[in-house]
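Trainee: Could you take a close look at one part of this model with me? I'd like to go through the aromatic rings around one helix, and how far to trust what we see there.

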Amino acid sequence: MNYKMMGRFIGHILLVEAVFMVPSLIIGLVQQEDMACMGFAASICITLLLSLLLLLFCRGSRRGFKAREGLVCVSFSWIVMSLLGALPFYISREIPFYLDALFETVAGFTTTGASILPEVESLSMSILYWRSFTHWLGGMGVLVFVLAVGASGESSKGFTMHLLRAESPGPQVGKLVPKMKKTAEILYLIYILLTVVDIVLLLFGGMSLFEAVCTAFGTAGTGGFGIKNDSIAGYSPYIQNVCTIFMLLFGVNFSCYYMLLLRQFGSVLKDEELRLYLGVVIGSIVLITLNLGGFYATLGETLRHVAFQVASIVTTTGYATTDFDLWPSFSKAIILGLMVIGASAGSTGGGFKCARVLIIVKGLRRNLRRAISPQKVQVVRVNGHMVDEKVLENTNAYLAAYVIILFASAIVVSLEPYSVMTSFTAVLSCFNNIGPGLEAVGPTCNFGGFGVLSKVVLIVDMLAGRLEIFPILILFSRSTWGRLKG
């Protein structure tokens, strides 16, 4: 195991995290939030010290970076980043218990948006900004950011692809351009551009700059931490509609936006995952609207709330304009299905991913055809290209791990004095990085009532869901820590 290279990279990650805490410190100084300022100043110093120590002790690392190191490095980066990112909450005493602070931070970085806080409007502005910014940073991935601004030349060869594959959501990571550094740059430029446009449109709706920035961070990262106790419910229909549109936009595979920039409109229109994603969204909106009937005063109000909640759940954002836990059972069943399916691969959304659903359905159809005509060669094609058997195997392995972890976690969490629906949807929402579940963890509730064991399980689930399971599972494999040969 190339520990020096891993330590050096984690050192760079912590350096970036310390720098990104500075705006929160500045906001605290301007607003004269003494305790928050102390929290951020101490956290920046601690994070910088650890970063410098890692860079000092791990200097001179030259050996290649293999897939195993990439997976382990990504997992450790996210864990350490979360442990230190929780310090401002804890040191400022705005979240007095460290495990709760860690839960909130992991929910931020993984863009889950599950909160232990009963209300948020009493938090200082600097803490609210940091809380929302963790969504934006975690949405595209801090490692992708480091690759975009840092890795270059010979030193980056052999590990940039492994890191990008380990952190990026979806069955596989392809290069938009030949160099991985350029791919990371393109992804972040698109991400920043969409975020800025979102902020501008929210400002047109009457939001203050602080509200618009924090809301856009949650929308872009598909995270859902609000700065109001009622999430987005208290804002105007215009702002709710803007959030609906941008949640859906950030749930699209970013490679589609790159193809649009290249004017390859035909390729985008023929993209099967995009078609499935839009089909699921439109179909869900129509079915829930019909099921709700006269639940709201007008058809327009019904469509607005339904479109918002469908967009929020399928993209795993977690914002709310209404308490969908009060909807009829059929509508809640569709919401549960959307929690599982999630957004597109290569987006900032979570969930199982539309790409995997597409591959599994096509793989099932292929196996049925094989049973009918065993001697005929059957292949799986997506967008006209044959899907490699290794991708099919990895997708099936992911499905198996997904189901095992989901139900094992639900069994542990069911030790709490809550209903089965509460326990199951708590795990489902954390594992798929959604935020709200149903019943006691619904859109008007929080996760603060869970015990220590359940919170630890849910924290692990959030990390596993954001990192696509395998980077976390590999930490528990004995073979991971064996000595590399050759």
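Mentor: Let's start with the ring pairs, then turn to the charges over rings, the confidence and the cysteines. Keep in mind that this is a predicted model.

The count of aromatic pairs comes to 29. Take Y398 and F470 from that set: their ring centres are 6.0 Å apart and the planes make an angle of 70°, an edge-to-face arrangement. In sequence the two are 72 residues apart, with Y398 in helix α18 (residues 389-413) and F470 in helix α21 (residues 470-473), so this pair links distant parts of the chain. What about exposure? Y398 has a relative accessible area of 3%, which makes it buried because that is under 20%. F470, at 34%, is partly exposed, because that value falls between 20% and 50%.

Helix α18 also supplies F407, whose partner is F424 in helix α19 (residues 420-431); the pair ties together parts that are 17 residues apart in sequence. Here the centres lie 5.9 Å apart with the planes at 40°, so the pair is tilted: 40° is neither under 30 degrees, which would be stacked, nor over 60, which would be edge-to-face. Both rings are partly exposed, F407 with a relative accessible area of 46% and F424 with 23%.

Back to Y398, since its ring has a charge to deal with as well. The charged end of R356 sits over that ring, 3.6 Å from the centre. So Y398 has F470 as an edge-to-face partner and R356 over its ring, while being buried. Elsewhere you'll find R131 over the face of F225, 3.9 Å from the ring centre.

Now, how far to trust it. The chain has an average pLDDT of 87, and 89% of the residues score at least 70. By mean confidence, helix α4 (residues 87-91) is highest at 97, whereas helix α8 (residues 160-167) is lowest at 52. Over residues 151-159 pLDDT stays under 50, and the model has 10 contacts beyond four places in sequence for that stretch. I wouldn't lean on those contacts, because where pLDDT is low, the predicted coordinates should not be read in detail.

Last, the cysteines. A search of the whole structure turns up 0 disulfides. C37 is buried at 12% relative accessibility, and C243 is buried too, at 0%.

Conventions. Residues are numbered from 1 along each chain as its sequence is written. This is a predicted model: local features need pLDDT of at least 70, side-chain atom pairs count only at pLDDT 80 or more; totals for chains, interfaces and linings use all residues. Side-chain values use heavy atoms; hydrogens and water are left out. Rings of Phe, Tyr and Trp (its six-membered ring) pair if their centres lie within 6.5 Å; planes under 30 degrees apart count as stacked, over 60 as edge-to-face and the rest as tilted. Helices (H or I, at least four residues) and strands (E, at least two) are DSSP runs, numbered from the N terminus. Buried means under 20% relative accessible area, exposed over 50%, partly exposed in between (1.4 Å probe, protein chains only). A charge sits over a ring if NZ of Lys or CZ of Arg is within 6 Å of the ring centre and within 35 degrees of the ring normal. pLDDT is the predictor's confidence in each residue, from 0 to 100. Contact means heavy atoms within 4.5 Å. A disulfide is a pair of cysteine sulfur atoms within 2.5 Å.
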